[in-house]
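Biologist: I've got this one open on my screen and could use a walk through it. Can we go over it together?

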Amino acid sequence: MPGFEFFGEEERKEVNDVLQTGILMRYGFDGPRKGIWKSKELEAALCKRLDCRYAQLTSSGTSALTTALAALGIGAGDEVIMPSFTFVASFEAVLSVGAIPVIVDVNESLTIDPESIRNAITDSTKCIMPVHMCGSMADLDAILTICREHDLLLLEDACQSIGASYKGKFLGTIGNAGTLSFDFVKTITCAEGGAVLTNDKTIYTHCDGYSDHGHDHEGRDRGAELHPFIGYNYRISELHAAVGLAQFRKLDTFLAIQKKNHQFLKDTLSRIPGVSFRQIPDPAGDSHTFLSWLLPTAELTRAVIAEMKSRNTLAGNFYWFEHNWHYIRKWDHLKKVETLNRLTDVQTRALKKLQLQDFSQSDAIMSRCISTAIGLSWTEEQLREKADGLAEAIKKVFSNASPQAHYSNQANPA
Ligand SMILES: *Cc1c(COP(=O)(O)O)cnc(C)c1O
């Protein structure tokens, strides 16, 4: 999955182009940069490959989310509905613009549950933010219907799903805006970086200015530019964009390898009765960065994790239910509002309510789910070893378990 598995000559060449001129900044210095514009080149490449009108690079996926939220006009007191299973960046960005993360359940797609969205809508709801987790997509048709019915904005967090699509359109290009991340463990990496995708010219212009101190980028030099609104510095550097450009050219290669390895693992696990898989609203659009599989009970899932640990084969397998970063259950700092600076009273009140909120629907799914990261550099032999290792651990646990354990579908988070 992570693009760093394929770091090489191509990345070094792009970085060297920038080092030759010494112009490490993406704006200005038109003469000395001698025609080297890596950020612009990567933005154009994103638009072309992902079939999207505009792309704005940023310093990270988190700042891409913040930039997109601001560009959509989301601010103080606005509610943004997001899922209980995501990366912490999703709520961090919402809080950073003064808005309120309203967290709702996921379903077996491991993404936001449309029914739970409906139940969470209030007069303050401004935006729905599905997160396309682990390489695959949320049910965007259902979510778009809700957006239309309630006049809400759609911001897709596609940070984990570059190259995945839904009914022929790339994730991140379907909503009013969408975001990508190029951090070090993402499919395409440039160490730190992100992008906002949109087909709306105004939203793009807002992103362009907001991520660079509000500059309108219409002056002949930076000093002469105007500032139609206040912005911040969420710029990417030319060095990062250069790495990103070389990496992004490898996207199709990565997707093809992932698909092949994913299929092999899935075929192996499919042969074990009791193993099921996440629902995928459009299977043809999966980017196959992970294979996410479910077992009948939380108890069996824990036992399989323990079995893998004892065999030293746990690396690359994620039990999100116990993970500190990705699931509501362990977000104590959020639920207790542990911040360095004071949030608004409305934000604080809303976050404190999370401690009492019932996430049993999410627990019942996440406590039975394990995601296996799909490697890009696995040899045939390693792939077979991985698949056999998983299958053996599962079969061993199943053979030790009482027969009814296979059939009860209850989570047991205690
Ligand atoms: C990685 C990620 C982000 C943001 O990432 P950065 O590390 O800031 O680039 C946002 N959302 C999700 C779901 C992510 O996985």
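Below, we chat through the ligand site, one threonine and the domains of this predicted model.

Biologist: Let's start with the ligand. Which helix gives the most to the shell around the ligand?

Modeller: The shell is made of 16 residues, and Gly61, Thr62, Ser181, Asp183 and Lys186 are the closest. Going by secondary structure, one helix, spanning residues 61–71, puts in three residues, the most of any element. That helix is α3.

Biologist: And the chemistry of the shell: how many of its residues are nonpolar, polar and charged?

Modeller: Glycine is counted with the polar residues here, so Gly61, one of the closest, goes in that group. Sorted that way, the shell comes out as six nonpolar, seven polar and three charged.

Biologist: Which side chain has a polar atom 2.4 Å from an oxygen atom of the ligand?

Modeller: Let's go through the polar contacts, taking 3.5 Å as the cut-off. Aspartate 157 has a polar side-chain atom 2.8 Å from a ligand nitrogen. Glutamine 160 places one 2.9 Å from a ligand oxygen. The 2.4 Å pair, again to an oxygen of the ligand, belongs to threonine 62.

Biologist: How much of the ligand's accessible area does the protein cover?

Modeller: Those polar contacts include the 2.4 Å one from threonine 62. Taken on its own, the ligand has 390 Å² of accessible area, and the share covered by the protein is 94%.

Biologist: Now threonine 189. Is it buried or exposed?

Modeller: Threonine 189 sits in a loop, the one between β8 (177–181) and β9 (194–198). Beyond its neighbours within four places in sequence, it is in contact with Gly3, Phe4, Phe182, Asp183, Phe184, Val243, Gly244 and Gln247. Its relative accessibility is 4%, and the limit for buried is under 20%. Therefore threonine 189 counts as buried.

Biologist: Which residue's backbone nitrogen does the side chain of threonine 189 reach?

Modeller: That side chain has two backbone partners to tell apart. At 3.3 Å it reaches the backbone oxygen of phenylalanine 182. The backbone nitrogen, at 3.1 Å, is that of alanine 191.

Biologist: How far apart in space are threonine 189 and phenylalanine 248?

Modeller: Along the sequence, 59 residues separate threonine 189 from phenylalanine 248. In space, C-alpha to C-alpha, the distance is 8.3 Å.

Biologist: Last one: how far apart do the C-alpha centres of the two domains lie?

Modeller: The domain assignment gives domain 1 as 3–250 and domain 2 as 252–406. Their contact takes 47 residues from domain 1 and 46 residues from domain 2. From centre to centre, the separation is 25 Å.

Technical notes. Residues numbered from 1 in each chain as written. Predicted model: local features only at pLDDT ≥ 70, side-chain atom pairs only at ≥ 80, totals over all residues. Heavy atoms only, no water. Near = heavy atom within 4 Å. Polar contact = N/O pair within 3.5 Å; in protein donor to acceptor, adjacent residues only side chain to side chain. Areas by Shrake-Rupley, 256 points an atom, 1.4 Å probe, with all protein chains shown as cover. Helix = DSSP H or I, 4+ residues; strand = E, 2+ residues; numbered from the N terminus. Buried < 20%, exposed > 50% of the residue type's maximum accessible area, 1.4 Å probe, protein only. Contact = heavy atoms within 4.5 Å. Domains from an automatic or database assignment.
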